[in-house]
Amino acid sequence: PSQYPQYDWLGDWSGSAQPVSLLGQYDGNLTIMFTCVDTFPIGWTENETIGSEEQCLATSSNRGLTWQKYAGNPILTHPPDGWNLTGWRDPYFHAMSELDVVLGYEEAHFYLNDRRVLWGKSDEDINGYGIVPQGFQGSLGLPRELFIMKTYNVVAPPPGRLRGPGIWTPTANDSYTVITLGTRPSPDVVRTLHVNDGTSFGSLSPSRIHMLDGVKGDHFHLRASLILRPSTNAGFIVRASPGMGEFTRIIYDASNSALTLDRGNSILAANFTTTNYQAFVEPYTTYLPNTAGPPGYTATTARTAWHSEAAQCHDESSSARPPPKRATNPTASSSRLHFDVFADGSLVEIFVNDRFAPTSRICPTRADALSIALSSSPNPASNIPSTESPARFQDVSVWTDRLNAWPQRPLNSSSPLHYEPYYETHVTAANEFGMAVGAELCDGF
């Protein structure tokens, strides 16, 4: 950062770099675009002031050893007009020859990308137990693509029920178009991780627990659509050991639209956190079209969002696709939920209908806790005969063979812990016992 009162005296935030000069030439120079700040507060939790975050450039002519800030900084002082932003930082710029052609440019231009990808870190959830022997803290999840989701022909919820987040716009056919934030695992990353077609189980209607034979693993992708009867619950069991000594349940309750990550039996060892997580996610009820909708539209009787590649963008980008026409009557079907569940060792990520994505940690102790199962059961008040299934799973597929993202790294990269003798025998930090820093400890303290 520069000295006060320069444009970045309060800090410089990361952005992106390209191996080009300020003129876009591949001449051995590097150019980085970053965010500079001269006014607080910033961030979505602090009621950010527009203009507090600006975009700047810097260059390097010695492979990044030293950098020189562009004399014309800042190059972007505020976001586009009309955007309701909660933050404006971390720019990503890149060349796009296709857009050059569309805009009629003969020479290469660089553009800020409108694709929004989020990386998240899931902290350890083990009460601080075993962090030092483990040798690391936290785990990065899959990159998540954020997009604007538009859902057409949505039926208004019954009186007294919340509509949930999103922009509900009434239409001429007595339904709503709902605009909300979508989130999904980055499709290109998922395609790369799949080294084969996986194992397909088709459609299944289990009455209780149905083990998915032939697939086991602590690293896998499970994909399925779930249709439930009212007052029933269904979902998945993952990282299960023989005899169900250890297992984790992912259960959706149709009676109250609650999704629960049940970790009560996820680990046999003491000291580890086994708290359950619960959240509420209710799929939309939509009208059926009288005629075939636009490309990408699926005429289904289920409560689910319609979205195509063209609809996953800002409003003006989807104007070429008219919304499908509504039918005479709304659907009267049970709920439909689409799940993508990823297990990566102790990390579990759950994506539901591209609108909801809880993430947590589980730490099975048994090396054979590798089984995957489907689970469904009626609630006591449902009156569903025991011979009938409370739920139907469709398009069930599992990928257990996944691409190794670090082929040059040993599968076991652990190394022996190194203990510094001084830190073992002396007080090195302020403490609740009032002992002076540097005091030598006696044996057995």
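This note goes through strands, a disulfide, nonpolar cores and cavities in a predicted model.

1. **Strand β16.** Start with β16, residues 232-240. This strand is mostly covered: nine of its nine residues are buried. β16 has pairing partners in β23 and β17. With β23 (residues 371-378), β16 runs antiparallel, joined by seven bridges. Ala240 stands opposite Ser371 of β23 in that pairing. With β17 (residues 248-253), the sense is again antiparallel, and the two strands share six bridges. Here Phe236 faces Ile250 of β17 as its opposite number.

2. **Ser375.** Is Ser375 buried or exposed? Its relative accessibility is 8%, so Ser375 counts as buried, the cut-off being under 20%. The residue sits in strand β23. Setting aside neighbours within four places in sequence, Ser375 is in contact with Arg208, Ile209, Ala234, Gly235, Ile237, Ile251 and Phe393. Ala234, Gly235 and Ile237 fall within the residue range of β16. Ile251 falls within that of β17.

3. **Strand β10.** Strand β10 spans residues 144-154. Nine of its eleven residues are buried, so the rest of the structure largely encloses this strand. β7 (residues 116-118) runs antiparallel to β10, with three bridges between them. Leu118 has Arg144 of β10 as its bridge partner. β12 (residues 176-185) also pairs with β10 in the antiparallel sense, over nine bridges. In this pairing, Met149 is matched with Thr180 of β12.

4. **The disulfide.** How many disulfides does the model contain? The count comes to one. The bond joins Cys36 to Cys56, with an S to S distance of 2.1 Å. Cys36 lies in β2 (residues 30-37) and Cys56 in β3 (residues 53-60), so the pair ties together parts that are 20 residues apart in sequence. The link is right-handed, with 55° about the S-S bond. Both cysteines, Cys36 and Cys56, are buried.

5. **The largest nonpolar core.** In soluble globular proteins, nonpolar side chains tend to be buried together. In this model, the largest nonpolar core has 31 residues. Which residues have the most contacts inside it? They are Leu212, Leu222, Phe236, Ile250, Leu259, Phe339 and Ile350. Strand β15 (residues 219-228) gives the most to this core, with five residues. Phe236 and Ile250 are also the residues that stand opposite each other in the β16–β17 pairing.

6. **Leu259 and the second core.** Take Leu259 as one example from the largest core. Not counting residues up to four places away in sequence, Leu259 touches Ile250, Ile251, Tyr252, Tyr277, Gln278, Ala279, Val281, Phe339, Val352, Phe356 and Pro358. Ile250 and Phe339 are themselves among the residues with the most contacts in the core. A second core is separate and has six residues, including Val190, Leu193, Phe342 and Ala357.

7. **Cavities.** The structure holds two cavities of 30 Å³ or more. The largest has a volume of about 60 Å³. What lines this largest cavity? The lining consists of Glu48, Thr49, Ile50, Gly51, Ser52, Glu53, Pro79, Leu85, Gly87 and Trp88. Glu53 falls within the residue range of β3, the strand that carries Cys56.

How values were computed: Residues are numbered from 1 along each chain as its sequence is written. This is a predicted model: local features need pLDDT of at least 70, side-chain atom pairs count only at pLDDT 80 or more; totals for chains, interfaces and linings use all residues. Side-chain values use heavy atoms; hydrogens and water are left out. Buried means under 20% relative accessible area, exposed over 50%, partly exposed in between (1.4 Å probe, protein chains only). Helices (H or I, at least four residues) and strands (E, at least two) are DSSP runs, numbered from the N terminus. Two strands pair if DSSP finds at least two bridges between them. Contact means heavy atoms within 4.5 Å. A disulfide is a pair of cysteine sulfur atoms within 2.5 Å. A nonpolar core is a set of buried Ala, Val, Leu, Ile, Met, Phe, Trp, Tyr and Cys residues joined through side-chain atoms within 4.5 Å. On a 1 Å grid over the protein atoms alone, a cavity is a set of points where a 1.4 Å probe fits but cannot get out, and a pocket is an open set with protein on both sides within 12 Å along at least five of seven lines; lining residues have an atom within 4 Å of a point. Grid points are joined across faces, edges and corners, and a volume is the space filled by probe spheres set on the points.
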